[in-house]
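Me: I'm new to reading protein models and would like a close look at one part of this one. Could you walk me through the active-site residues that the record marks, and then what lies around them?

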Amino acid sequence: MNIYGDWGNVLVLKQRLKWQGYNPVVTEYNPGDEFPSDVDLIVGGGGQDSGQVVIQQDLQQLAPTLRGLADDELPMLAICGLYQLFGRFFKTHDGVLIPGIGVLDIETHGGPERLIGNVLSVSDEFGEIHGYENHSGQTFLGTDAQPLAHVRKGEGNNSKDDTEGARYRNVVASYLHGSLLPKNPAIADFLIEKAVTRRYGSFDPAPLPDADLAGLARLSELARKHASDRPR
Ligand SMILES: NC(=O)CC[C@H](N)C(=O)O
């Protein structure tokens with residue numbers, strides 16, 4: 001699935017990997033496709049409730065594979081609609097129960113109102129995380145799930161506690177679109193480091209030329225600032 005610019009996450013990972021001298025191959029996966037036999041990183045985006053219903057059966061068939069890969073430290077990024085389905089289930093506001101694949105100890109209940117707007121959250125691992133949320137599902141973490149971050153502005157997982165997203169091994173899950181990685185390159189670099197280390201045993205990042213690095217830092221700072229200044 002892909003909504004509100006989530007495809008941008010793939011573009012960021014691809015470009016940052018190229019800067020490190022790698023030649024990433026992106027394989028798109030759609031329901032019914034053969035699951036690639038050799039993957040280094042899995043990225044998935046959000047979707048409307050109807051889209052989540054469409055992919056649910058196929059996702060269930062992949063569940064043992066995805067759970068195995070997550071347990072085996074494969075880095076994954078799951079945004080919003082896919083994040084919800086990485087959990088135990090999503091019960092939509094219309095009462096439709098969409099089973100999840102249980103990578104994460106979370107459950108999601110659709111509410112009558114949508115949580116919409118820019119979000120600022122803070123994580124020990126990644127610092128400030130900026131993005132945009134738009135969801136009716138309210139997600140609650142079980143005892144085995146760690147939050148990705150704590151919300152300073154916006155709602156995040158739900159309107160009751162201040163958690164945003166979830167972490168498990170090298171899985172990063174978040175409600176934030178926008179897309180997430182251009183504004184939060186620390187998360188992109190975490191996923192890249194884990195993917196390269198898992199494949200080659202170590203990761204020795206090449207520093208970018210100062211001018212490029214300064215330009216990039218400025219752009220992503222600008223995007224973060226705009227996001228956090230915008231009203232909800
Ligand atoms: N933005 C999304 O991916 C939405 C996910 C889900 N359909 C919800 O509304 O909660």
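Reply: His-177 sits in the loop between β10 and α4. This is a predicted model, so please read everything here as computed from that prediction. Is His-177 buried or exposed? His-177 counts as buried because 23 C-beta neighbours lie inside 10 Å, and the cut-off for that word is 20 or more. Setting aside residues up to four places away in sequence, His-177 touches Ile-3, Tyr-4, Gly-5, Asp-6, Gly-46, Ile-79, Cys-80, Gly-131, Tyr-132 and Asn-134.

One name on that list deserves a second look. According to UniProt, in an unreviewed entry, the annotation "active site" covers Cys-80 and His-177. The two are spread over 98 residues of sequence, yet they cluster in space, with a largest C-alpha distance of 7.7 Å.

Let's turn to the partner. Cys-80 lies in helix α3, whereas His-177 is in a loop. Cys-80 is buried too, because 30 C-beta neighbours fall inside 10 Å. Leaving out neighbours within four places in sequence, Cys-80 is in contact with Gly-46, His-135, Tyr-175 and His-177. If you compare the contacts, you will find Gly-46 listed for Cys-80 and also for His-177.

Now for the ligand. Which residues surround the ligand? They are Ile-3, Gly-46, Gly-47, Gln-48, Asp-49, Gln-52, Cys-80, Gly-81, Asn-134, His-135, Ser-136 and Gly-137. You have met some of these already: Cys-80 carries the "active site" annotation, and Ile-3, Gly-46 and Asn-134 are among the residues that His-177 touches. Sorted by class, the shell has two nonpolar, nine polar and one charged residues. At least two residues of the shell come from each of α2 (49-71), α3 (80-85) and β6 (127-141). Strand β6 gives the most, with four residues.

Since β6 contributes so much to the shell, its partner strand is a good next stop. Strands β5 and β6 form a hairpin, with three residues between them. They run antiparallel and are joined by 14 bridges. To trace one of these pairings yourself, start at Ile-106, whose bridge partner in β6 is Leu-141.

Strand β5 (residues 106-123) also holds Arg-114, which the unreviewed UniProt entry covers with the annotation "binding site". Arg-114 is partly exposed, because 14 other C-beta atoms lie within 10 Å. What does Arg-114 touch, not counting residues up to four places away in sequence? The answer is Asn-134, His-135 and Ser-136, and those three residues also appear in the shell around the ligand.

Past β6, Leu-148 is found in the loop between β6 and β7 (149-153). Leu-148 counts as buried because it has 25 C-beta neighbours inside 10 Å. Among the residues it touches, beyond those up to four places away in sequence, are Ser-123, Glu-164, Val-172 and Ser-174.

Helix α2 is another supplier of the shell, and Leu-66 has its place in this helix. Leu-66 is buried, because 21 other C-beta atoms lie within 10 Å. Aside from neighbours within four places in sequence, Leu-66 is in contact with Ile-101 and Val-103. Leu-66 and Ile-101 are 35 residues apart along the chain, and their C-alpha atoms are separated by 8.2 Å.

Finally, let's step back to the wider setting. The unreviewed UniProt entry places the feature "domain: CobB/CobQ-like glutamine amidotransferase" at residues 2-184. That span is 25% helix and 33% strand, and its end C-alpha atoms lie 18 Å apart. Helix α5 covers residues 185-200, and its 16 residues reach 22 Å from first C-alpha to last, close to the 22 Å expected at 1.5 Å a residue. Its buried residues are Ile-187, Ala-188, Leu-191, Ile-192, Lys-194, Ala-195 and Val-196. The elements that cover them include α1 (7-19), β2 (76-79), β10 (171-174) and α4 (180-183). This brings us back to our starting point, as β10 and α4 are the elements on either side of the loop that holds His-177. After α5 comes Gly-201, which has a positive phi near 90°.

Technical notes: Residues are numbered from 1 along each chain as its sequence is written. This is a predicted model: local features need pLDDT of at least 70, side-chain atom pairs count only at pLDDT 80 or more; totals for chains, interfaces and linings use all residues. A residue is near a molecule or strand if its C-beta atom, placed from the backbone, lies within 6 Å of it. Ala, Val, Leu, Ile, Met, Phe, Trp, Tyr, Cys and Pro count as nonpolar, Asp, Glu, Lys and Arg as charged, and the others, Gly among them, as polar. UniProt positions are given in the numbering used here, feature names are shortened, and annotations may be inferred rather than shown by experiment. The expected span of a helix is 1.5 Å times one less than its number of residues. A residue is buried if 20 or more other C-beta atoms lie within 10 Å of its own, exposed if 12 or fewer, and partly exposed in between; C-beta atoms are placed from the backbone. Two residues are in contact if their C-beta atoms, placed from the backbone, lie within 7 Å. Two strands pair if DSSP finds at least two bridges between them.
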